[in-house]
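Dear colleague,

I am handing over a structure for your study, and the findings follow directly after it. Please keep the structure open beside this message while you read.

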Amino acid sequence: GDALALLHEMQVHQVELELQQEELHSTRSELEAALARQSALVERAPVGFLTIDSSTVLLEVNLAGARLLGAAPEDLLGRPLTRLLPEPSADVLHAMLERARAGLPPDTCELGLLPLAGVARTVHATAGRDTTPGSFVLVLMAAVLPAN
């Protein structure tokens, strides 16, 4: 009798574990789909999203950011962003990062870009702390020229 009761208890436990495993698989599938949607949203955004470290080295860049910087993403990663900025804009970027490091609300500033290819341009930029310590998220948007 004890052996049958133990066997029954183990079978019930096995069924519970199988149900939990199905639920985990379902949750994982939902999370993977949500991640894919968010990744596609960021990648196709009309603004540049960049992740940089405290030395301004580019860690991540979406397609719009790569277009603004005049190069393919793989040619930009590992490069300091400050090498693509004239000195006054590099100073502005460092001030933005200091503000973000201090936890202050982001300001929108103008940065001049000297792209690897293409024409120099002005962008609006804002920076905030990334979820990875010591990294920052930088958002770039092409400056709109005033209508004549």
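Arg 121 is partly exposed, with a relative accessible area of 32%. In this predicted model, Arg 121 is part of strand S4. Setting aside residues up to four places away in sequence, Arg 121 touches Leu 68, Leu 111, Gly 112 and Leu 113. For one of these partners, Leu 111, the C-alpha atom is separated from that of Arg 121 by 8.4 Å, and the two residues are ten residues apart along the chain.

Another partner of Arg 121 is Leu 68, which belongs to helix H2. Is Leu 68 buried or exposed? Leu 68 counts as buried, because its relative accessibility is 8% and the limit for buried is under 20%. Beyond its neighbours within four places in sequence, Leu 68 is in contact with Gly 48, Leu 113, Pro 115, Arg 121, Val 123, Leu 140, Met 141 and Ala 142. Leu 68 and Val 137 are 69 residues apart in sequence, and their C-alpha atoms are 16 Å apart in space.

The nonpolar core comes next. The largest nonpolar core has 26 residues, and those with the most contacts inside it are Leu 50, Leu 69, Leu 76, Leu 81, Leu 93, Leu 138 and Leu 140. At least two residues of this core come from each of S1, S2, helix H2 (63-69), helix H4 (87-101), strand S3 (109-113), strand S4 (121-129) and strand S5 (135-142). Which element gives the most to this core? That element is H4, with five residues. As an example from the core, Leu 69 is in contact with Leu 50, Leu 58, Leu 76, Leu 81, Leu 84, Leu 113, Pro 115, Leu 116 and Ala 117, leaving aside its neighbours within four places in sequence.

I turn now to the pockets. Rolling a probe the size of a water molecule over the atoms shows where empty space is left. The largest pocket holds about 190 Å³ of space. Its lining is made up of Ser 39, Val 42, Glu 43, Phe 49, Leu 50, Thr 51, Glu 60, Val 61 and Asn 62. By type, these lining residues divide into four nonpolar, three polar and two charged. Helix H1 (2-43), strand S1 (48-53) and strand S2 (58-61) each supply at least two residues of the lining.

Two of the lining residues, Glu 60 and Asn 62, deserve a separate look. Glu 60 lies in strand S2 and is partly exposed, with a relative accessible area of 47%. Its side chain makes a polar contact with the side chain of Thr 51 at 2.9 Å. Not counting residues up to four places away in sequence, Glu 60 touches Phe 49, Leu 50, Thr 51 and Leu 77. The C-alpha atoms of Glu 60 and Val 137 are separated by 9.2 Å, although these residues are 77 residues apart along the chain.

Asn 62, in turn, lies in the loop between S2 and H2. Asn 62 counts as buried because its relative accessibility is 2%. What does the side chain of Asn 62 reach at 2.9 Å? It reaches the backbone oxygen of Val 42. A polar atom of the Asn 62 side chain also lies 2.9 Å from the backbone nitrogen of Phe 49. Apart from residues up to four places away in sequence, Asn 62 touches Val 42, Glu 43, Ala 45, Val 47, Gly 48 and Phe 49.

Three further residues complete this account. Ser 135 is found in strand S5 and is buried, with a relative accessible area of 8%. With residues up to four places away in sequence left out, Ser 135 touches Thr 51, Ile 52, Asp 53, Leu 59, Arg 129 and Asp 130.

Thr 56 lies in the loop between S1 and S2. At 0% relative accessibility, Thr 56 counts as buried. Its phi is near 70°, a positive value in a residue other than glycine.

Leu 104 is found in the loop between H4 and S3. At 43% relative accessibility, Leu 104 counts as partly exposed. The C-alpha atoms of Leu 104 and Gly 128 are separated by 8.7 Å, and these residues are 24 residues apart along the chain.

With kind regards

Technical notes
Residues numbered from 1 in each chain as written. Predicted model: local features only at pLDDT ≥ 70, side-chain atom pairs only at ≥ 80, totals over all residues. Heavy atoms only, no water. 1 Å grid on protein atoms, 1.4 Å probe; cavity = no way out; pocket = protein on both sides within 12 Å on 5 of 7 lines; lining within 4 Å. Points joined across faces, edges and corners; volume = space filled by probe spheres on them. Helix = DSSP H or I, 4+ residues; strand = E, 2+ residues; numbered from the N terminus. Nonpolar A, V, L, I, M, F, W, Y, C, P; charged D, E, K, R; others polar. Buried < 20%, exposed > 50% of the residue type's maximum accessible area, 1.4 Å probe, protein only. Contact = heavy atoms within 4.5 Å. Polar contact = N/O pair within 3.5 Å; in protein donor to acceptor, adjacent residues only side chain to side chain. Core = buried A, V, L, I, M, F, W, Y, C linked by side-chain atoms within 4.5 Å.
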